[in-house]
Amino acid sequence: MSGLVRRRRALGVLVTACFVCTGAGVGAALVVKSPAQAAADTAPPPASVLTAPVEQRVISQSLITRGEVTASQHVDVSAGPQADKDIGRSVVTKADADPGQEISAGQVLLEVSGRPLFVLKGAVPAYRDLARGKRGQDVAQAQAALRAAGHPTGADPSGVFGAGTEKAVASFYRSIGYEAPSVEAPGMGAASSGPVLPISEVVFVRSFPARVDELRAKVGDEAGEGLMSLSAGALTVEASVTLQQKGMIRPGQEVRVHSETTGRQFTGTVTSVGKETDPAKDGGQDTGAEKYTVKVRPSKPLPSELNGENVQVTVVAASSKGKVLAVPSSAVSTGADGLTSVTERKDGRERRIPVTVGVSGDGFVQVTPREGTRLEAGAEVVVGVQPRAAVGGP
């Protein structure tokens, strides 16, 4: 009986050992792989085909550069010889204008040795004292400026400084709080002296409002050259381009002006392209590259706070006439047969469509399907292939 028990126990041990060996074999089969299987398991998945939709859009070819907002006129204000011979020293006695301040016609800018230096409207710079008997364009300009400021010149003909203009000069000086200087009329004696508009006390600018760009003078300074600088007239934009870029630009092209400080965008048109003559635009250094200045006229007046600001300038060099069929530039290719085409992908299948290309810009190109083929907006075209990372890779 005991022998039978021993045989049964031995058989149980043998069966258990078989199960253990079988399990180990199965586990080993799961863990240990052939080199071919290992390579297949670690290979990256198939590459992904990238597509983009065909669009109906306006295509524009743009050139982006930098520019500066500037006034159409810049004037340096200096002190001339004093009309009052009793003044022994020319010195700044008042300087109230601040940089960026807007100034109007008739406003006093500075005071030199107790005398005003004011601004009036006129295109001709002052070059002589104006008094009774003087004639010329500068006299006509002064008369017009006085009348615009509310001081009529009476019956004096335009361009002739007579009694009416004298009264206007005296009236203007009273309005700004000063007495008009006077000179003796030629051949008439001291009793016939009359008001004069001296070169030392007037600055003419072409239009208003004008602005103070820089105030260099301080009270107590000797009054001479470059006391302050003004800008006047409508604000314009001047951009700088290279010789290669110049070929893309011509008068009449559309321009977009973007101010980063305000976040606002303005439009305009190119008025001229000319060789740059101001070395200060490159920090006063000779870069060795030929530069050209592009002048831009804004479509609407620019706000005065933009004066002197550096802005982004985008010139639309070419544009399609309305919306056209367009695809990303990377979708267009030329095959070995010389045909330019795009590849449409639909339901996992690809179809090559020969096309004729047109204007390009902003990353897109105009395409027109060749005769006998069809391509519509909304279709997906192949623009590239995106490889996928290997298993376990980043």
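Biologist: Let's start in β12: which residue there stands opposite Arg211?
Modeller: Happy to look, keeping in mind that this is a predicted model. Strand β11 (residues 210-215) pairs with β12 in the antiparallel sense, over five bridges. Within β12, the residue facing Arg211 is Ser231.

Biologist: And which residue of β12 is the bridge partner of Asp76?
Modeller: Strand β3 (residues 60-77) also pairs with β12 (residues 228-242), again in the antiparallel sense and over 10 bridges. In that pairing, Asp76 has as its bridge partner Ser229.

Biologist: How many bridges join β12 to strand β15?
Modeller: Strand β15 covers residues 291-298 and runs antiparallel to β12. One place to look is Ala239, which stands opposite Val294 in β15. The number of bridges joining the two strands is six.

Biologist: How confident is the prediction, as a mean pLDDT of the protein?
Modeller: Of the residues, 78% reach a pLDDT of 70 or more. Residues 24-30 fall below 50, and beyond near neighbours in sequence this stretch has zero contacts in the model. Where pLDDT is low, the predicted coordinates should not be read in detail. For the protein, the mean pLDDT is 83.

Biologist: How many contacts does the stretch of residues 282-287 have in the model, beyond near neighbours in sequence?
Modeller: Over residues 282-287 the pLDDT is below 50 as well. Beyond near neighbours in sequence, the number of contacts this stretch has in the model is five.

Biologist: Which strands are at the edges of the open sheet?
Modeller: Four strands form this sheet, in the order β4-β6-β7-β10, and the pairing is mixed. Neighbouring strands are turned by 25° against each other on average, direction ignored. An edge strand here pairs on one side only, and this fits β4 (92-95) and β10 (202-205).

Biologist: In β10, what is the bridge partner of Val119?
Modeller: β7 and β10 pair in the parallel sense over four bridges. On the β10 side, the partner of Val119 is Val203.

Biologist: How far does helix α4 reach from its first C-alpha to its last?
Modeller: α4 spans residues 163-175, so at 1.5 Å a residue a span of 18 Å is expected for its 13 residues. Its buried residues include Phe172 and Tyr173, and among the elements covering the buried residues is α3 (137-148). The span in the model is close to the expected one, at 19 Å.

Biologist: Is Ser259 buried or exposed?
Modeller: Ser259 lies in the loop between β13 (254-258) and β14 (265-275). Its side chain makes a polar contact with the side chain of Thr262 (2.9 Å), and its contacts further along the sequence include Leu306 and Val311. Because its relative accessibility is 1%, Ser259 counts as buried.

Biologist: Is Asp347 buried or exposed?
Modeller: Asp347 sits in the loop between β19 (340-346) and β20 (349-361). Its phi is near 55°, a positive value in a residue other than glycine. Its relative accessibility is 73%, and exposed means over 50%, so Asp347 counts as exposed.

Biologist: Then is Ser113 buried or exposed?
Modeller: Ser113 lies in the loop between β6 (108-112) and β7. Its phi is positive too, near 50°. Its relative accessibility is 17%, and the cut-off is under 20%, so Ser113 counts as buried.

Biologist: What is omega for the peptide bond from Phe208 to Pro209?
Modeller: Pro209 has its place in the loop between β10 and β11. The bond from Phe208 to Pro209 is cis, with omega near 5°.

Terms used
Residues are numbered from 1 along each chain as its sequence is written. This is a predicted model: local features need pLDDT of at least 70, side-chain atom pairs count only at pLDDT 80 or more; totals for chains, interfaces and linings use all residues. Side-chain values use heavy atoms; hydrogens and water are left out. pLDDT is the predictor's confidence in each residue, from 0 to 100. Contact means heavy atoms within 4.5 Å. Buried means under 20% relative accessible area, exposed over 50%, partly exposed in between (1.4 Å probe, protein chains only). Two strands pair if DSSP finds at least two bridges between them. Axes are lines fitted to C-alpha atoms, for helices over the stretch in contact, and angles run from 0 to 180 degrees between N-to-C directions. A polar contact is a pair of N or O atoms within 3.5 Å; within protein, one must be able to donate a hydrogen and the other to accept it, and residues adjacent in sequence count only if both atoms are side-chain atoms. Lists of a residue's contacts leave out its neighbours within four places in sequence.
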